[in-house]
Amino acid sequence: MTAVEPWQDWRWNAVRGEYEAGVSEPLQGTGEISAIDAFSNRTMLLLGCTGFVGKVLLAMILDRFPEVNHLVIQVRRKKKLTGEQRFYSEVLPSPVLCQIAERLGGEDEVRRKVQIVEGDVNEPLCGISSEQIAQLQGKVDIVVNLAGVVEFDPPVNESFATNVYGVQHLIELVKLLDAKLIHVSTCYVAGKKNGRISEDEPIEGYFPKHSENGGATFSVAEELKWCEEVIQDTGQRSGADPRQVRERLREAGMNRAEHWGWTNTYTYTKSIAEQLLAGTPGLQYAIIRPAIVESSLRFPFPGWNEGFTTSAPLVLMGGDGLKGWPVRKDGPLEIIPVDLVAEGILIVIAAVLFRKNKRVYHLASADENPIMLPRLVAFLGMNSRYKHKHKEGGNRLANAWKAYVETQVITVESLHARRARIHRGLDVIHAGLTLGKTLLGETRVAPYLKSLRDTRRQIRTQEVTIDKFLPFMLYNSFIFETRNIRETARMLTSEDLKRVRWDPETIDWADYWVNIHTKGIEKWIRPMFAASRKSRP
Amino acid sequence: MNKAAFYDLSGTLLSCNLVMTHGYYARNDRSLVKSVYQLSKVLLSVPLLFALDLYSRASFNDYSFRAYRGMHRDRLIGLADDLFEVTLKPSIYPQAQALIDTTSDLGYRNILVTGALDFTIRPIALHFGFDEVICNRLEFRNHVATGRVLPPLLAEDEKARRIRGYASQEDIDLAHSCAFSDSSADVPMLSTVGHPVATNPTRRLRRIAMQKSWPILELREPSTSLPPFLRAAKVV
């Protein structure tokens, strides 16, 4: 039990910020689309189910729509584990799925419904064997693709392999299976823009700097050619050192993205993938663009999270006591709980199966119920206050400081000034310690030098993380319009709406952030970060 | 039919009261200057609150909630866990958890019925493991507290009315249910159930309990003897 709702007839109106009288009425839909009918006796092929959104989506299908009688799930082989072994040893026992699998009647019941095919989107036809494709042909009604490299700045070849070539392979597969396709992208394909982002923007030939230099044109073929050339060039020039090659490729991707106006390699490659879909004649598809996906609101339980590339690093840094936050005072953070994303995807699947879908769906919150950045900064401060007041170890003076000083919204200039000050201070300490080393001998000073090195490394990681998020909290301010998903959700039947709904306007952000999201991150993500830090040499 | 155990909070399960919770928020304002200003306001209001408490519990509550006027809801929710650790948890009576565990072992649904506010109750309810909470909520305009409570204010007769409403909705047999409170203001609440227990009673409630031959329970002492209906059921 994470939520304690008092037994009363008051409802929180998150948009107006006040309580309203009356119990909420059951939702009514027009019934033009019936999700239950759409899912009855259908076969779905899911790709990328091992990820954060994928697992929640799979759990939701199993839990809410027992009508789906056949799920084909593509799982990549991992070292010695076959796809099937990996699914039953890694995916099914995860906290999201284990309880639901138990409720269904255990692993055997899941095996009856689920078919695992081994494959890899990086290979032609997604690496699915020709016998299996022959078996699936004409049976699969819809393919849902959640596979992708979500890291912001990977080496450009890795990002292209999965996010671009992977989608090419996917399109071939979908054509061969004669199925419909749902592709999960991201809202941030919009690039460096401000204000309201429409869902009706043309996809093909899109690049964010379009309005600035009208002369340039963007074509997928050109980008593919560029990528191949870069990979070849970098391989030749940098010689054998693979580390250097990776670094060069990382830079190349970020520079190319910057050139066209995207925030990073991830959003750049995701946009190319969308353009590939839009450029394929005869393909029946819908693109789903979630914003920043965060801890679950209700399903499978409040606070479930395993996403690394979300606001988790920021929340953890806030909890560790970072005080100055360079954010926009008038901007929202476009976040959306993962279970709402899964519900949105299910609604769109139903619409596609009924052929009543739109082309693009934004899944975001700020259009209806924005959470402003300064409010989040205040939450981070209160969390740090709580943690440091009750912290056992560490420097007591530092803890007291972190417990009683509130977080602040600062400007970018002030951020740079603060950084310079800290580095100057550390330099002075370093000089002092070096002097001490010559006077007092190495053994006495060495531990202090080591802790200084650690502090420096920590500060540098912090700076890199903040810089990575600056486009989303300072330089750009987006509101993604979500008209399409609202309209489609209203077309469902009332029976469907008891199982899935689209209702970000009801999220009580204070309760969500403090009691669900922050606690979820502390519980699920902090151990993951600690483990990954330890495994690094 | 189900049965339930209705608990009052302050004075019954812990010694902390409304003024102390408000004092916490006052001294943890955004800056030191604001904290000092808010805290001195609270201290000045203490004598007035004492006088009001003697006169009527409802008007006491009404006045004490006014101190929240102007506070942002984010802050009230964001500091609730710290409030619990700092102010509420240390004031829990030694036998409180044992009593709640006993009633839940005996099949009672544990329900907290209190005049305190929803955000302060949340960590308490999780700590004790309550199944349901009936409490007050502040009124907000654009996320800022107006200093009023959403009507009807939960106190005295209203507690009894809400318990009856809850019982009829959730199919609970009040004659086999029990209630725990420390204050004579909760006599209506105690009277609605078949097994009322005067818990750490005030002098006034002790007198009433003796007249009506209600059992008296002390949670402040390290060991305590349970009232007969809880013991008898346990043997069965």
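These questions and replies go through a predicted model and the reasons for some of the terms applied to it.

Me: Why are helix 15 and helix 16 of chain A called roughly antiparallel?
Reply: Helix 15 (residues 412–440) and helix 16 (residues 442–475) of chain A pack at an angle of about 165°. The term applies to angles over 145 degrees. Helix 15 of chain A and helix 16 of chain A are therefore roughly antiparallel. Their axes lie 10 Å apart.

Me: What is the hand of the crossing between helix 15 and helix 16 of chain A?
Reply: The crossing is left-handed.

Me: What makes the contact between these two helices of chain A?
Reply: Helix 15 of chain A contributes residues including Val412(A), Ile422(A), Leu426(A) and Leu433(A). Helix 16 of chain A contributes, among them, Val445(A), Leu449(A), Leu452(A) and Ile459(A). By class, the contact has twelve nonpolar, two polar and six charged residues.

Me: Which strands of the six-stranded sheet in chain B are edge strands, and why?
Reply: The order is 3-2-1-6-7-8, in an open sheet with parallel pairing. Strand 3 (132–136) and strand 8 (216–217) of chain B are the edges, as each pairs on one side only.

Me: How do you know that strand 1 and strand 2 of chain B pair?
Reply: Pairing takes at least two bridges. Five bridges join strand 1 (residues 3–7) to strand 2 (residues 108–117) of chain B, so the two count as paired. They run parallel. Lys3(B) stands opposite Tyr108(B) of strand 2.

Me: What packs on this sheet of chain B?
Reply: Helix 7 (residues 118–128) of chain B does, touching strand 2 and strand 3 of chain B. The direction of helix 7 makes about 145° with that of strand 2 of chain B.

Me: How many residues does each chain bring to the contact of chain A with chain B?
Reply: Chain A has 21 residues in contact with 25 residues of chain B. Strand 2 (18–21), helix 13 (373–389) and helix 19 (509–535) of chain A each supply at least two residues to the chain A side. Helix 13 of chain A gives the most, with seven residues. The classes on the chain A side are twelve nonpolar, three polar and six charged.

Me: Where do the two domains of chain A lie in the sequence?
Reply: The domain assignment gives domain 1 as 28–291 + 334–367 + 481–498 and domain 2 as 318–329 + 373–476 + 509–529. Their centres are 35 Å apart over C-alpha atoms. Five residues of domain 1 and four residues of domain 2 of chain A make the contact. On the domain 1 side these are one nonpolar, two polar and two charged.

Technical notes: Residues numbered from 1 in each chain as written. Chains lettered and ligands numbered in written order. Predicted model: local features only at pLDDT ≥ 70, side-chain atom pairs only at ≥ 80, totals over all residues. Domains from an automatic or database assignment. Contact = placed C-beta atoms within 7 Å. Nonpolar A, V, L, I, M, F, W, Y, C, P; charged D, E, K, R; others polar. Helix = DSSP H or I, 4+ residues; strand = E, 2+ residues; numbered from the N terminus. Axes fitted to C-alpha atoms, helices over the stretch in contact; angles between N-to-C directions. Parallel < 35°, antiparallel > 145°, perpendicular 65-115°, else oblique. Left-handed = near helix turned anticlockwise from the far one by under 90°.
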